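Welcome, and please open your viewer. We will go from one selection to the next, and at each stop you will read what is there.

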Amino acid sequence: SESFRGKVVLLDFWATWCAPCLREIPHLTAAYKQYQAQGLEIVGISLDQEGAAQKLAAFTRERQMTWPQIYDGKFWKAELAELY
């Protein structure tokens with residue numbers, strides 16, 4: 001995206017059922033709050049399964065994950081996961 005030009009972009013592949021991912025969230029939110037103004041952007045790529053959109057929205061809101069999230073419901077076959 002043009003809005004990311006000149007910034008550091010962290011792609012975070014994660015899921016609500018992933019224990020290591022859940023442990024990482026507080027560190028990501030702290031880094032985002034500290035460094036966003038200096039050009040850090042995070043884009044979350046959810047590997048949650050189909051039908052989890054509402055759960056995912058509530059989950060990210062409760063944990064103050066205010067960066068963009070991409071979710072297609074395809075689990076391990078998520079388009080961006082396959083691309084990377």
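Is Thr60 buried or exposed? Thr60 counts as buried, because its relative accessibility is 10%; buried means under 20% relative accessible area, exposed over 50%, and partly exposed in between, with a 1.4 Å probe and protein chains only.

Before we move on, a word on what you are looking at. This is a predicted model, in which local features need pLDDT of at least 70, side-chain atom pairs count only at pLDDT 80 or more, and totals for chains, interfaces and linings use all residues. Residues are numbered from 1 along each chain as its sequence is written, and side-chain values use heavy atoms, with hydrogens and water left out.

**Stop 1: the whole chain**

Show the protein as a cartoon. You should find three helices and three strands, in the order β-α-β-α-β-α along the sequence. Helices (H or I, at least four residues) and strands (E, at least two) are DSSP runs, numbered from the N terminus.

Turn the C-alpha trace about: its principal axes span about 35 × 25 × 20 Å. For 84 residues, a compact globule would have a radius of gyration near 12 Å, and the 13 Å of the protein agrees with that. This radius is taken over C-alpha atoms, and the globule rule is 2.2 Å times the number of residues to the power 0.38.

Now switch on the surface. About 5,700 Å² is accessible, and carbon and sulfur atoms hold 55% of this area; the areas come from the Shrake-Rupley method with a 1.4 Å probe, and for residues only the protein chains shown count as cover. Of the 84 residues, 33% count as buried.

Which part of the contacts links residues 24 or more positions apart? Among contacts with a separation of 6 or more, such pairs account for 71%, where contact means heavy atoms within 4.5 Å.

**Stop 2: helix α2**

Select residues 53-62, which form α2. Show the side chains of Leu56, Phe59 and Thr60, which are buried. Look down the axis of α2: the buried residues fall within an arc of 90 degrees, so they line one face of the helix. The arc is that of the directions from the helix axis to the C-beta atoms. An α-helix has 3.6 residues a turn, so residues three or four places apart point the same way.

What lies over that buried side? The cover includes β1 (8-14), α1 (19-35), β2 (40-46) and β3. On the face of α2 turned away from the buried side, pick out the exposed residues Gln54, Arg61 and Glu62.

Stay with Thr60 for a moment. Leaving out residues up to four places away in sequence, Thr60 touches Trp14, Met65 and Gln69.

Next, click on Ala58, also in α2. Ala58 counts as partly exposed, because its relative accessibility is 22%. Draw a distance from Ala58 to Gly39: the two are 19 residues apart in sequence, and 26 Å separates them from C-alpha to C-alpha.

**Stop 3: just past the helix**

Select Gln64, in the loop between α2 and β3 (69-71). What is the phi of Gln64? It is positive, about 55 degrees, although Gln64 is not a glycine. Gln64 counts as partly exposed because its relative accessibility is 46%.

**Stop 4: the loop after β3**

Move on to the loop between β3 and α3 (79-83), where you will find Phe75. Phe75 has a positive phi of about 60 degrees and is not a glycine. With 28% relative accessibility, Phe75 counts as partly exposed.

Gly73 sits in the loop between β3 and α3 too. Gly73 is buried, with a relative accessible area of 13%. Setting aside neighbours within four places in sequence, Gly73 is in contact with Asp48, Gln49 and Glu50. Then draw a line from Gly73 to Leu83: 10 residues apart in sequence, they are 15 Å apart in space, C-alpha to C-alpha.

**Stop 5: the segment before β1**

Finish at Glu2, in the segment before β1. Glu2 is exposed, with a relative accessible area of 56%. From Glu2 to Tyr32, 30 residues apart in sequence, the C-alpha to C-alpha distance is 19 Å.
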